[in-house]
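Q: Could you take me through a protein model with bound ligands, and show me how each kind of feature should be read?

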Amino acid sequence: MKRVLSVASEAVPLVKTGGLADVVGALPGALAGQGWDMRVLIPAYPGVLERLAPPPPPVTTTAVPGKGGRRGKGAPQADAPAVLWSDPDLFGGPARVLAGQVGGVQVLALDAPHLYDRPGGPYSGPAGDHWDNAERFAALSWAAAAIARDGLAEPGGDTPWRPQILHAHDWQAGLAPAYLKWWGVDVPSILTIHNMAFQGRVGPAKRAALRLPAEGFQRDGYEFWGDISTLKAGLMNADAITTVSPRYAEELMRGEFGLGLEGVIQLRAGAVHGILNGIDDTVWNPETDPAITPYSAARLTGKAINRKALQAEFNLGEVPGPLLILVSRLTPQKGIDLLPGALDGFIAAGGGLAILGSGDPWAEEMVQGLAARFPGRVGVKIGYDEGLSHRMFAGGDAVLVPSRFEPCGLTQLYGLRYGCVPVVSAVGGLADTVIGLSPATEAAGAATGIVFHPVDDLALRQALQRLTEAWADRKGWAAMVKRGMRTDWGWARSAAAYGALYDRLSGQP
Ligand code: ADP
Ligand code: GLC
């Protein structure tokens, strides 16, 4: 097998705050079919250590542990201390790597308790975002680059596992391709942008702590409006850049979506590829999903049972029109703020809405206000609940994704698979995956959802009206539901695209 190291801050089934984790967790299985043995390096947060319990013994690199992880010679030494580095000045303390298997994913957990042994999510604790997130994820990136440079000793094997490709995800891993270039390591790297809005931006005073070379602090380097951007460092140094839909790759060339980094994308245009995410069919399949009453495109009766159950779970009364769902982080990206100005007509025409989400306090309050305004028709659950999300796609008639920007988006794909028709704004991966209902697509028998533009409350209101009308045409609706369910959004196509990119960059046949 060819070898690739994937490095990210979250991965299903270990830790998830959004789609990044779904994708990082699904890629190893998808790439195995392309002949690539992918291992995933993530921080050993407490939850990760629990899943690896009892903790596997640490694995060594071939490097001589010590000052900044200098390069050692030859094969891994059996008696070498199992640390990645021990220098107390390097990211504040020593680190080691634990190698284990969880849910079919080969995990390399970076164990550095002073950085990762904290309560809360991957980025924040009870008191908010961690003050040292830049250091925490620079350490992760450094570890990835060190593994690519030195290889890891395989337990029981005599040749180290040294990746032929390093695949970094988002700003948290942005420095990995940069360290590789600065160290002169010949392992090609890829940086995938899952979200350009998170740029890993910190003040220049952190430069030494992040081990960034002074000469890189300039426009053609990692400098960004007087600050450091770890995402920019990655974009400037990775051998290839991918983003999670072709449309988002194009959008990123413009300031509106590039958010200050559009110049870098233009500069590197020849190295930028849009590769759409897939969905994990073993987890998202209405025929086998243990969380629901199963159904298929050929036999939809189960869906009506799921709809009833969902209404009850959200304390909704009878919903004579379409039952719309929304499963989302509640942040400005997701266009949630458009809801108050767009729902009246939809609810008056018989529609209902079930919302599951968590995020910004103002948004949580706002959606709770909707439940109070439309009792029995709008139900809201604040929180994160994987099982409930499955029941919602199974029971919902339509899923709303009114994002201002959406690099790929996974919920519209889950919706398609579950016969829960997507109602989406025409941006990024939403535009790339949903065929909007129009006279043309109706004539061609091609529509799989409702697509609206521009992203404002007037357009959303009209989209919801179109939804109500489309839903009332029971025959046309059933055809659209089935068309969506039969479209293949599995990983095969995208895995082949990643595999081909890895092959090309690493010079593998
Ligand atoms: P993003 O990564 O920007 O949040 P995606 O659509 O790519 O958007 O991925 C979101 C993922 O998180 C999906 O798997 C979605 O089902 C899940 N998700 C979001 N919010 C919740 C929630 N409150 N409860 C359960 N799952 C959620
Ligand atoms: C990001 C994006 C989302 C994408 C996900 C996985 O969180 O916001 O659109 O689907 O990453 O790539």
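The turns below go through two ligand sites, one strand and one loop residue.

Q: What kind of model is this, and which pLDDT values do its features need?
A: This is a predicted model, in which local features need pLDDT of at least 70 and side-chain atom pairs count only at pLDDT 80 or more, while totals for chains, interfaces and linings use all residues. Residues are numbered from 1 along each chain as its sequence is written, chains are lettered from A and ligands numbered from 1 in the order in which they are written, and side-chain values use heavy atoms, with hydrogens and water left out.

Q: Which residues come nearest to ligand 1?
A: A residue is near a molecule if one of its heavy atoms lies within 4 Å of it. Here 21 residues are around ligand 1, and Gly19, Asp22, Arg329, Gly383 and Leu410 come nearest.

Q: Which polar atoms lie by ligand 1, and how much of the ligand does the protein bury?
A: A polar contact is a pair of N or O atoms within 3.5 Å; within protein, one must be able to donate a hydrogen and the other to accept it, and residues adjacent in sequence count only if both atoms are side-chain atoms. An oxygen atom of ligand 1 has a polar side-chain atom of Asp22 at 2.7 Å, an oxygen atom of ligand 1 lies 2.7 Å from a polar side-chain atom of Arg329, and a polar backbone atom of Gly383 is 2.8 Å from a nitrogen atom of the ligand. Taken alone, ligand 1 exposes 560 Å², of which the protein buries 93% (accessible areas come from the Shrake-Rupley method with a 1.4 Å probe).

Q: Why is ligand 1 said to lie between two domains?
A: Domain bounds come from an automatic or database domain assignment. Ligand 1 lies between domain 1 (2-278 + 492-506) and domain 2 (301-485) because both give residues to its shell. Helices (H or I, at least four residues) and strands (E, at least two) are DSSP runs, numbered from the N terminus, and β15 gives the largest share of this shell, three residues.

Q: Which residues surround ligand 2, and where do its polar contacts fall?
A: The residues around ligand 2 include Gly19, Leu20, Val23, Asn195, Val244 and Glu406. An oxygen atom of ligand 2 is 2.6 Å from an N or O atom in the side chain of His194, the corresponding distance for the side chain of Gln333 is 3.1 Å, and a polar backbone atom of Pro407 lies 3.4 Å from an oxygen atom of the ligand. Taken alone, ligand 2 exposes 310 Å², and the protein buries 93% of that. Domain 1 and domain 2 each give at least three residues to this shell.

Q: How is strand β13 paired, and are its faces covered or open?
A: Two strands pair if DSSP finds at least two bridges between them. Strand β9 (residues 189-193) runs parallel to β13 and is joined to it by four bridges, with Thr192 opposite Thr242, whereas strand β14 (residues 272-274) pairs with β13 in the parallel sense over three bridges, with Val272 opposite Ile241. Both faces of β13 are covered, since Ala240 and Thr242 on one side and Ile241 and Thr243 on the other are all buried (under 20% relative accessible area; exposed is over 50%, partly exposed in between, with a 1.4 Å probe and protein chains only).

Q: Is Ala208 buried or exposed, and where does it lie?
A: Ala208 counts as exposed because its relative accessibility is 54%, and this residue lies in the loop between β10 (201-202) and β11 (223-224).
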